[in-house]
Amino acid sequence: MLLLTVLGFYMSMLKYTAAAQPLARHALPVSQWRKNSRNYLQAGDAAPFANAGQSGDADKLLCEVGSVISAGLPGRLPRKELFEAHAVMEVVNRHFPTESRIFEPCAGCGLLAIFLVLSNRGRRVRCSDKKQPRLARELHECVAHKWPFLRQQIQWEEADVRKTTVTVARDELLVSCHACSFLSDEMILSAKRSFRPLVLVPCCYETQPVLTERSWLPNWSFRRWPWLEEGAVNRRGRTAIDEVRIQTLKNAGYDVAREEIDRQISEMNRVIVAQPLQQQV
Ligand SMILES: C[S@@+](CC[C@H](N)C(=O)[O-])C[C@H]1O[C@@H](n2cnc3c(N)ncnc32)[C@H](O)[C@@H]1O
């Protein structure tokens, strides 16, 4: 009990220090902050975000959300995640401004879903992950405090993609950011199966892949992604992997656009945007 009290005291002191400390980045406008930083948003970031949003130094929605999270959940969200989710939202909105049903597997902290709904308030997003992270719940609560409608418009499911086939509904856009390695191929397979549009930000390219047969992971086999030629394509590297993914989508009847998010946010910045050429009836 005493230990918990002492720990609680130190945690609150840490929060206080983080809020009070002048940080080097506060001498710069938000637009010049390092975007790939894994430093956590702190309470002291709330005011610079609010000012940047009002002055037009940075995107208004980015700054509103940044300010709310900095003030309401200091010390929990790496700064990079904020910039990344916002940048991916911009790509989705450029290509699918009116798409109102979105399915987001491998959603992680769920911040992309939050941006997708805040930028188009008629949207509903179905998030899924192997396990909903604690951070996702905390972020959702923090942001929904200001925008309560998020509670109705973002749903969460838990499913392991290696065991359960990802099923996209007939009216859903499939969006997945940094679905690691073969999870990106699984997203392509799922989009193709239901012939639904896809926005995919691949990451973690395995160039020396070893996939042993594991019956308890039935979706984890090269047989599911023939375009990888049993890993031969992987051995040719990152560009070869993405090229074959794009060609696979084109062969399946998609119009495919290549996009990028700011490389300063992430090295894994390629975005594959695939739109079915003919909608199924
Ligand atoms: C690199 S993170 C990306 C998270 C988030 N989309 C983002 O961009 O910040 C990959 C996510 O995939 C999830 N994931 C990994 N393996 C999975 C699996 N087999 N089934 C479902 N989700 C999985 C992880 O839990 C994690 O949240």
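Helices, taken as H or I runs of at least four residues, and strands, taken as E runs of at least two, are DSSP runs numbered from the N terminus. In this predicted model, the chain over residues 98-206 is 35% helix and 27% strand on that basis, and the end C-alpha atoms of the stretch are 35 Å apart. Residues 98-206 are listed by UniProt, in an unreviewed entry, under "domain: Methyltransferase".

The ligand was found to sit in the second largest pocket. Of the 15 residues around the ligand, those that come nearest are Cys-106, Asp-129, Asp-160, Val-161 and Cys-177. By residue class, the shell around the ligand is made up of seven nonpolar, two polar and six charged residues. Strand 4 (173-180) and helix 4 (79-95) each contribute at least two residues to this shell, and the largest share, three residues, is that of strand 4.

Polar atoms of the protein approach both oxygen and nitrogen atoms of the ligand. An N or O atom in the side chain of Asp-129 is placed 2.5 Å from an oxygen atom of the ligand, while a polar side-chain atom of Glu-81 lies 3.3 Å from a ligand oxygen atom. For Val-161, by contrast, a backbone N or O atom is involved, and this atom is 2.8 Å from a nitrogen atom of the ligand. Of the 590 Å² of accessible area that the ligand has on its own, 77% is covered by the protein.

Key. Residues are numbered from 1 along each chain as its sequence is written. This is a predicted model: local features need pLDDT of at least 70, side-chain atom pairs count only at pLDDT 80 or more; totals for chains, interfaces and linings use all residues. Side-chain values use heavy atoms; hydrogens and water are left out. A residue is near a molecule or strand if one of its heavy atoms lies within 4 Å of it. A polar contact is a pair of N or O atoms within 3.5 Å; within protein, one must be able to donate a hydrogen and the other to accept it, and residues adjacent in sequence count only if both atoms are side-chain atoms. Accessible areas come from the Shrake-Rupley method with a 1.4 Å probe; for residues, only the protein chains shown count as cover. On a 1 Å grid over the protein atoms alone, a cavity is a set of points where a 1.4 Å probe fits but cannot get out, and a pocket is an open set with protein on both sides within 12 Å along at least five of seven lines; lining residues have an atom within 4 Å of a point. A molecule sits in a cavity or pocket if more than half of its atoms lie within 2 Å of its grid points. Ala, Val, Leu, Ile, Met, Phe, Trp, Tyr, Cys and Pro count as nonpolar, Asp, Glu, Lys and Arg as charged, and the others, Gly among them, as polar. UniProt positions are given in the numbering used here, feature names are shortened, and annotations may be inferred rather than shown by experiment.
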